[in-house]
Amino acid sequence: MAAIDCGTNSIRLLVADLPEESAGPLAPLTDLSRRMEIVRLGQGVDRTGRLAPEAIERTRVALASYASEIEKLGAERVRMCATSASRDAANADDFTDMVRSTLGVAPEVVTGDEEARLSFTGAVRGLPADAEEPFLVVDIGGGSTEFVVGDRAGGVRAAISMDIGCVRMTERHLHGDPPTAREVAAAEADIAAAVDRALAVVPGREAATLVGLAGSVTTVVAIAEGLTQYEPERIHHARVSRDAVARVTADLLGKTREQRLANPVMHPGRADVIGAGALVLRVIMERAGMPSVVASEHDILDGIAWSLS
């Protein structure tokens, strides 16, 4: 199976074999290839309402490479989901036409609800058996953040998507390098209002375990853990306290882009938006009363792959 997740900031590929039915419900996917490129498809969408031609072209180049990988590995089924940026754009047809001609299938512009459910499936299928339920899964993307509460047996109980992604919050509020205290306060107020609205719909304060997905979370966890290089196997299912997240967030927001780039775990395409992503995570933990977060390297991409079973 080949799964592609095209978000506001990055485009990712997973080619994997599904487990045999006899392997049981906790059997994992067998990864054949995982790839990620920062293409910033959502560049300027919050301001203009349109996808920039250069952003579509960056995405095309990455997608062409993915199409070659999919063909080489012989994937039998392909599903590509496009998320927040292409939901919001007035010229979404230009993007769809590009994907169809490059990949051979049309992208599915999933709803926020479906995005949340796919993220939950991808994250929860791989959690340790002793992880306490119910779970609050938060997927902090570039344009939006999904909040999902559920458990293993019953699946998703409630889900909502809010427009507080790391790219959107950076473009809307964090213009300085580093951002000013006033800019950070404005971003925090915007995020807090959205988180409170989300938690009025999704009972996240009742959850026993917070699971954080996507690059903002995994980067914050890598920094909090003191890693000297990005090591997915050490980040996956690492648990970090709220105090540690707050310290990392303050440090990131107090640095320039160049100073953030100097951290060996920082992806170059994430350095300008990681402060906002960390702030979203910190505010969620505070407003939901969560003392810690468990990071997951498995997320909507894995959920897309599972959906092909």
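## The largest pocket

The largest pocket has a lining of 39 residues, and those nearest its centre are Arg12, Met36, Gly215, Arg270 and Asp299. Keep in mind while exploring it that this is a predicted model. The space in this pocket comes to about 690 Å³.

What is the make-up of the lining by class? Polar residues number 17, while nonpolar and charged residues number 11 each. Several elements supply at least two lining residues each: strand 2, strand 3, strand 6 (135-140), helix 8 (215-224) and helix 13 (300-307).

## The sheet beside helix 2

Strand 2 and strand 3, which help to line the largest pocket, also belong to an open sheet of 5 strands. The strand order is 3-2-1-4-5, and the pairing is mixed. At the edges sit strand 3 (30-38) and strand 5 (108-109), each of which pairs on one side only. Helix 2 (residues 53-73) packs on this sheet, where it touches strand 1 (2-6), strand 2, strand 3 and strand 4 (78-82). The direction of helix 2 makes about 5 degrees with that of strand 2.

Now for a look at one pair of strands. Strand 2 (residues 10-17) and strand 3 run antiparallel and are joined by 8 bridges. Within this pair, Ala16 stands opposite Asp31 of strand 3.

## Two cis peptide bonds

Which residues are joined by a cis peptide bond with omega of about -5 degrees? They are Glu133 and Pro134. Pro134 has its place in the loop between helix 5 (112-124) and strand 6, and strand 6 is one of the elements that supply residues to the pocket lining.

Another cis peptide bond joins Asp177 to Pro178, with omega of about 5 degrees. Here the proline, Pro178, lies in the loop that runs between helix 6 (166-172) and helix 7 (181-201).

## Positive phi outside glycine

Two residues are worth a look for their backbone angles. Arg40 is not a glycine, yet its phi is positive, near 50 degrees. Arg40 is placed in the loop between strand 3 and helix 1 (45-48). Is Arg40 buried or exposed? Arg40 counts as buried because its relative accessibility is 15%, and the cut-off for buried is under 20%.

Ala214 also has a positive phi, of about 85 degrees, although it is not a glycine. The loop between strand 9 (209-213) and helix 8 holds Ala214. With a relative accessible area of 16%, Ala214 is buried. Helix 8, at one end of this loop, is among the elements that supply residues to the lining of the largest pocket.

Notes: Residues are numbered from 1 along each chain as its sequence is written. This is a predicted model: local features need pLDDT of at least 70, side-chain atom pairs count only at pLDDT 80 or more; totals for chains, interfaces and linings use all residues. Side-chain values use heavy atoms; hydrogens and water are left out. Two strands pair if DSSP finds at least two bridges between them. Helices (H or I, at least four residues) and strands (E, at least two) are DSSP runs, numbered from the N terminus. Contact means heavy atoms within 4.5 Å. Axes are lines fitted to C-alpha atoms, for helices over the stretch in contact, and angles run from 0 to 180 degrees between N-to-C directions. On a 1 Å grid over the protein atoms alone, a cavity is a set of points where a 1.4 Å probe fits but cannot get out, and a pocket is an open set with protein on both sides within 12 Å along at least five of seven lines; lining residues have an atom within 4 Å of a point. Grid points are joined across faces, edges and corners, and a volume is the space filled by probe spheres set on the points. Ala, Val, Leu, Ile, Met, Phe, Trp, Tyr, Cys and Pro count as nonpolar, Asp, Glu, Lys and Arg as charged, and the others, Gly among them, as polar. Buried means under 20% relative accessible area, exposed over 50%, partly exposed in between (1.4 Å probe, protein chains only).
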